[in-house]
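I opened my notebook for a stroll through this structure. Here is what I looked up, entry by entry.

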Amino acid sequence: MGKRQRRRNRQRQSRSAQQTKAQRYLLPSSQQPLIEVLLEPGLSDEDKETCLAYWSFTEPGAWTHKVAELGSSNHVLRTVKAGCRAALLTRLCPECGSPTTVTTRSDMAALGLWRPDHFPYQETTSNTSCSDCREAAAAAQQQEMERAREAERKAAQEKVDNASDWVANHKDASFPEEFPAVPDALALLTMIDIMVRAERDTFGPISTAKYTLGSSHSADVDTLRNLHQQRWIAPTLPATIADFAFNDDNTVAGVYVDKVPWRLAHALGDDTSGARREAAEHITSLLLKRPTRLRDVVMDLEAVTAMTYLDGLLERSYDEPPVPEHRRQEAYDTFHEALLNGFTLRQLIAVAWMAASSSVSWGQRTPGLKPGSVSAACVTNIGRRIEAAHDRPVPEYDVPNWAGLPATHATAMRLLKQHDAVADALNQFRTLRQSIATRDLDSIENRAYGDPVDIDAGRDETEVTFALITTDGHLDFQSEMPANMRDKVSSGGGAVDRIILQEPRSLHAYVGEFIAPDPGNDNPVGNEVLRLLDCFDGPFYGPVAFFSVSARNNQPQDLDLQQQKLLTLAHHIAQTKIGADPAPF
């Protein structure tokens with residue numbers, strides 16, 4: 001290609017570039033420019049004439065041509081919108097100072113300026129930004145929103161990571177060192193029972209529960225907080241970041257205890273079922289030693305339930321407000337004192353129903369009462385009816401479902417029942433053991449018991465009646481050869497160890513040696529029976545056998561009826577203490 005051809009190409013490109021620039025026309029004239037028509041590059045001569053004719057005017061408010069004169073309305077509007085814009089030279093954008101632009105006559109009319117007395121003949125600043133500035137502002141706002149969303153996304157992800165780490169760090173928490181207060185321990189035992197029944201490893205969230213553990217939802221929050229602080233329970237998933245409170249640096253400040261599920265602390269064991277069982281046994285054992293405090297908790301829960309029933313009865317049945325705040329403590333104290341004096345909760349429900357009915361009748365007969373007067377009168381009526389009921393029978397009404405007892409009430413009642421059963425059986429056990437010990441002393445006749453060494457494989461053995469407590473807690477009296485008894489204890493011919501009991505001295509026991517200490521070989525009932533007989537070694541694994549000995553011969557002998565009765569009582573007490581279903585005796 002020669003120099004001449006390259007020059008022609010450059011000239012052709014220059015002319016083409018000049019042709020692509022928008023053409024500009026001033027209206028109504030160049031001497032008095034009010035509107036500037038901007039034509040798009042590449043517009044045909046016919047379309048250019050249409051655009052100029054469309055915007056042509058002599059003065060604001062009077063167009064030179066009607067749209068119908070220029071052709072089909074749809075065709076004209078499509079041509080104008082695609083081929084040109086009109087800039088109002090005297091109406092400037094407050095942001096960039098450029099003229100306001102419109103695309104059609106309708107846009108011009110919408111501005112409210114297309115009249116001779118309204119159109120600005122001198123430069124004025126518009127109250128609104130031009131389309132380019134609006135588009136730029138919208139784009140900047142969109143970018144800012146995207147940056148904010150990205151920052152929020154990063155902050156949310158950081159919170160998720162911190163919350164996950166905070167929950168996971170509970171695995172490193174140490175074993176709880178402090179036993180919870182009785183109400184908290186009852187709640188923990190109830191939580192374990194609920195998890196076992198539901199076959200789940202977690203409990204809650206309590207915000208979704210239709211019941212309460214204790215006297216109120218706020219009391220449940222305090223209980224969970226206490227158990228968490230004492231390292232008995234730990235929060236777990238699923239949870240959202242809305243369930244956590246965060247510091248300014250997005251680190252976790254805490255958790256909303258009613259919003260998340262809870263599990264037993266990791267330090268109690270990785271085997272969740274085993275951890276639940278051991279924790280329940282430990283808590284049950286300690287609570288059974290606090291019967292007075294358990295009864296206090298039961299009375300508190302029942303007094304609160306009576307208050308809940310009274311409030312609900314007034315609101316549901318009589319459209320009256322609940323008991324006024326200044327009388328609530330008095331009402332609670334009245335219910336609580338009645339429980340202390342022997343009233344049952346079902347009797348208090350009946351008293352509350354009768355008191356509410358009579359108070360409402362009084363209110364209907366007495367005009368001009370202030371709101372809450374009937375509810376306050378209920379408290380007075382309840383006190384009078386309880387006082388009058390000391391020398392007359394009181395009916396009993398069932399607690400309705402909508403005023404149900406807190407979940408810990410059933411747990412406390414079960415423990416009190418266990419305690420009373422254990423106390424009765426324990427009295428019988430101690431009396432019988434003392435009787436057997438006295439009998440044994442009378443039969444010694446100044447002879448000490450023989451040395452138990454080398455007596456577990458005696459010759460000429462005969463069948464003996466012995467007691468066997470298996471790993472499932474079952475007690476069975478059997479009659480077999482002593483060698484078979486030892487085989488059952490050792491689980492197949494292994495070594496056995498003889499436990500020499502001090503009182504009564506006529507009872508000995510066999511336990512297996514070298515039995516693997518795994519959950520399948522646990523024998524909590526057998527170990528508890530040994531503790532009742534003052535043997536505090538162990539724990540022992542596998543079955544435990546009990547048999548009788550005499551003052552002159554330590555070889556296994558038959559258990560007599562008193563010894564069998566003693567072991568039956570001990571077995572019943574042991575089952576009750578560890579929470580198993582006790583066998584009848």
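**Entry 1: a pair of strands**

I began with threonine 465, whose bridge partner in strand 13 is serine 479. I noted for myself that this is a predicted model. Which way do strand 12 and strand 13 run relative to each other, parallel or antiparallel? They pair in the antiparallel sense, and the pairing spans six bridges. The two strands make a hairpin with five residues between them, and there I found glycine 473 with a positive phi near 85°.

Next I checked how well strand 12 (464-469) is covered. Six of its six residues turned out to be buried. I remembered that side chains in a regular strand alternate between the two faces of the sheet. I therefore looked at each side of strand 12 in turn: Val464, Phe466 and Leu468 are buried on one side, and Thr465, Ala467 and Ile469 are buried on the other.

Strand 12 has another partner, too. Three bridges join it to strand 16, and the two run antiparallel. In that pairing, leucine 468 stands opposite alanine 545 of strand 16.

**Entry 2: strand 15 and its neighbours**

I moved on to strand 15 (507-512). How many of its residues are buried? I got six of six, so I wrote "mostly covered" beside strand 15, taking buried to mean under 20% relative accessible area. Leu507, Ala509 and Val511 are buried on one face, while His508, Tyr510 and Gly512 are buried on the other.

Strand 15 is joined to strand 14 by five bridges, with the two strands antiparallel. Here valine 496 stands opposite glycine 512. Strand 14 and strand 15 form a hairpin, with six residues between them.

Five bridges also join strand 15 to strand 16, again antiparallel. I picked out alanine 509 in this pairing, and its bridge partner in strand 16 is phenylalanine 546.

Then I looked at the loop between strand 14 and strand 15, where arginine 505 lies. Is arginine 505 buried or partly exposed? Arginine 505 counts as partly exposed, because its relative accessibility is 37%. I also checked its distance to glutamate 123: the C-alpha atoms are separated by 120 Å, and the two residues are 382 apart along the chain.

**Entry 3: a helix against the strands**

Helix 15 covers residues 482-490, and I listed its buried residues as Pro482, Met485, Arg486, Val489 and Ser490. Why do these residues sit on the same side of helix 15? They cover an arc of only 125° around the axis, so they end up on the same side.

What do they pack against? I found strand 12, strand 13 (475-480), strand 14 (496-500), strand 15 and strand 16 (544-548). That tied this entry to the strands I had already visited. Just after helix 15, serine 491 takes a positive phi of about 60°.

**Entry 4: a cavity**

I searched for cavities of 30 Å³ or more, and the structure holds one. The largest cavity has about 50 Å³ of space. Its lining is made of Met195, Asp201, Arg263, Leu264, Gly269, Thr272, Ala275 and Arg276. Strand 11 (262-264) and helix 9 (272-287) are the elements that give two or more residues to this lining. Which of the elements gives the largest share? Helix 9 does, with three residues. Sorted by class, the lining has three nonpolar, two polar and three charged residues.

**Entry 5: two single residues**

First I looked up threonine 236, in the loop between strand 8 (233-235) and strand 9 (244-246). Threonine 236 is buried, because its relative accessible area is 18%. Leaving out residues up to four places away in sequence, threonine 236 touches Val167, Thr202, Val260, Pro261, Trp262 and Arg263. I had already met Arg263 in the cavity lining.

Then I turned to aspartate 300, in helix 10 (residues 291-318). Aspartate 300 is partly exposed, because its relative accessible area is 25%. Which residues does aspartate 300 touch, not counting those up to four places away in sequence? I wrote down Ser215, Tyr332 and His336. For aspartate 300 and histidine 336, I noted 36 residues of separation in sequence and 6.8 Å in space, C-alpha to C-alpha.

Key: Residues are numbered from 1 along each chain as its sequence is written. This is a predicted model: local features need pLDDT of at least 70, side-chain atom pairs count only at pLDDT 80 or more; totals for chains, interfaces and linings use all residues. Side-chain values use heavy atoms; hydrogens and water are left out. Buried means under 20% relative accessible area, exposed over 50%, partly exposed in between (1.4 Å probe, protein chains only). Helices (H or I, at least four residues) and strands (E, at least two) are DSSP runs, numbered from the N terminus. The arc is that of the directions from the helix axis to the C-beta atoms. Contact means heavy atoms within 4.5 Å. On a 1 Å grid over the protein atoms alone, a cavity is a set of points where a 1.4 Å probe fits but cannot get out, and a pocket is an open set with protein on both sides within 12 Å along at least five of seven lines; lining residues have an atom within 4 Å of a point. Grid points are joined across faces, edges and corners, and a volume is the space filled by probe spheres set on the points. Ala, Val, Leu, Ile, Met, Phe, Trp, Tyr, Cys and Pro count as nonpolar, Asp, Glu, Lys and Arg as charged, and the others, Gly among them, as polar. Two strands pair if DSSP finds at least two bridges between them.
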